[in-house]
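Thank you for sending this structure over. Below are my comments as numbered points, which are best read with the sequence and the model side by side.

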Amino acid sequence: MEKLCAVVLAAGDGKRMRSARPKVLCEVLFRPMISWIAGSLAESGIGDVCAVLGAGADQVRAAVPDFSWVEQKERLGTGHAVMQAKAFLQSHRGGDCAVLYGDAPFVDSKTLMDAYKLHKESGAAVTLLTASLPDPTGYGRIVRDGRGDVSCIVEQADADEKTLQICEINAGTYWFSVDFLLSALEQLQPNNAQGEYYLTDVIGIAAAQGKRVCGYEAPNSQIAMGANDRKGLLRLNEIARQAELDRQLAAGVEIVCDDGVMIQPGVQIGQDTVILPGTILKGNTIIGKNCVIGPNTVIEDSLVGDGCRINACQIEQSRLDDQIKIGPFTHVRPNSHLMTGVKIGNFVEVKNAVVGEHTAVAHLTYVGDSDVGKNVNFDCGTVTVNFDGHDKYRTVIGDDCFIGCNSNLIAPVTIGSGSYIAAGSTVTDSVPEDALAIARARQIVKPGWAKARRMRLGPRKK
Ligand code: UD1
Ligand code: CA
């Protein structure tokens, strides 16, 4: 196969989206639209890609670092955008180039390459991806000739009543013979309702020259859909969400009610794991078998082992081994490792910490910058005091320790294995193994003090 290349149009400024960021960075299932396209191109083996960028070019380049790029200073239409890539196209003379729009993220590698196959077999100058949509409003309509080839594309704003009835639309994905595209771009004129240079007019130019233009109708029409505004973006999110849920269900994941369940493509979930409503799974996340996740849980860039129960928690960039029970209302912040059998309860925050096997942190506790051994019990309300206002320090707790209620462990500090910390202690010095540390004022009881006071001042005011 010849070395293929692609141009991705991404200079749109998101005006209709009413967004400060470039339109192509608007996200579908937590992934910028242009990154979906980059993924499909990479999967198709098309590595030589030129993006046409406008406002916010730096942000877009960061999202697609493997693309080369050119700038479109003024937004004068999709045809004008492709003109900016003239030098790129000239370096690919004699070959074929795909052109894709950065706001139509669902074009997959199979469809793209099936369209390419038709392009080569038919010897067409242009092959474009089409789809039949129940509601084609807003898209360019495909006009076919008697042979079934495409004779022109008519934009919504330029269409008459009869053309508006056509449900076959332009998906905004094309294969061009590079030599033909370069010559046709020279002939584009902004003679239309928007006063723009339309790339779609290249199709009419080909047909007028007697060249073939093939339309490859996508078997799944949804892959053609693009987003111009927030409503369109919501629709794409819903389609992508449902498709991902279907994939997970087919793989043996249990979802009894999918309200608010959003799973980013690429997240792996083991068999018989149950996902409850309000659960969002993002990034590089892998979840094991037989877990129950949710309700109302967010897990991002984390590894979760088998048999875990995670209820109403937020977990970021962390690793949880097997048989862990956490929540409700637990926050596991980045770089934490909870080992097998750990229990973490309500209103506990763990950050940058290792928590050893079968350790229990049941309630109202902060474990930050800490190395905690196995079988440790934290009573209610412990704080590892890791920050002195300038630097952060670690707390080290050995195995089998018992940390009494309402203790402050002022780091850097080490609690030796098997030690007890008395409730209410503020521990400033390290504690040796198997010791009891009591770090609080000794209680004084004054018998009769309260009664004497009452006698002196009278009954307490209400
Ligand atoms: C375009 C097509 C329409 C098709 C639809 C598919 C044209 C004239 N119309 O309409 O036939 O059905 O896409 O989604 O091509 N862009 C630039 N520079 C510009 C203008 C646009 O880079 O000057 C980029 C945008 O960022 C966007 C893409 O090109 O990613 C498409 O532009 P947009 O304005 O969204 O075109 P549509 O009106 O959706
Ligand atoms: Ca669009």
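**Comments on the model**

1. I would begin with a single side-chain pair, bearing in mind that this is a predicted model: the side chains of Asp96 and Lys120 are joined by a polar contact of 2.7 Å. The side chain of Asp96 also makes a polar contact with the side chain of His119, at 2.8 Å.

2. Where does Asp96 lie in the secondary structure? Asp96 belongs to strand E6, which covers residues 96–101. Is Asp96 buried or exposed? Asp96 counts as buried, because its relative accessibility is 5% and the cut-off for a buried residue is under 20%.

3. The surroundings of Asp96 deserve a slow look, and here its neighbours within four places in sequence are left aside. Its contacts include Glu2, Leu4 and Cys5, then Tyr116 together with His119 and Lys120, and further along the chain Trp175, Phe176, Ser177 and Val178.

4. Trp175, one of the residues in contact with Asp96, also appears among the residues with the most contacts inside the largest nonpolar core, alongside Ile34, Leu41, Ile46 and Phe67. That core has 49 residues, and helix H1 (residues 33–43) contributes the largest share of it, namely six residues. A second core, separate from this one, has 44 residues, among them Val253, Val304, Cys313 and Val342. As general background, nonpolar side chains tend to be buried together in soluble globular proteins.

5. Turning to the strands, the chain has 41 of them, together with 10 helices. Nine strands form an open sheet with parallel pairing, and their order is E14-E17-E20-E23-E26-E29-E32-E35-E38. Strand E14 (268–269) and strand E38 (413–415) are the edge strands, since each of these pairs on one side only.

6. Within that sheet, strand E23 (residues 319–320) and strand E26 (residues 337–338) run parallel and are joined by two bridges. To follow this pairing by eye, start from Arg319, whose bridge partner in E26 is His337.

7. Finally, consider the overall dimensions: the chain has a radius of gyration of 31 Å, whereas a compact globule of 462 residues would have one near 23 Å. Along the principal axes, the C-alpha atoms fill a box of roughly 110 × 55 × 45 Å. Buried residues nevertheless make up 48% of the 462 residues, and the accessible surface of the chain comes to about 21900 Å², with 51% of that belonging to carbon and sulfur atoms.

Definitions and conventions
Residues numbered from 1 in each chain as written. Chains lettered and ligands numbered in written order. Predicted model: local features only at pLDDT ≥ 70, side-chain atom pairs only at ≥ 80, totals over all residues. Heavy atoms only, no water. Helix = DSSP H or I, 4+ residues; strand = E, 2+ residues; numbered from the N terminus. Buried < 20%, exposed > 50% of the residue type's maximum accessible area, 1.4 Å probe, protein only. Polar contact = N/O pair within 3.5 Å; in protein donor to acceptor, adjacent residues only side chain to side chain. Contact = heavy atoms within 4.5 Å. Core = buried A, V, L, I, M, F, W, Y, C linked by side-chain atoms within 4.5 Å. Rg over C-alpha atoms; globule rule 2.2 N^0.38 Å. Areas by Shrake-Rupley, 256 points an atom, 1.4 Å probe, with all protein chains shown as cover. Pairing = 2+ DSSP bridges.
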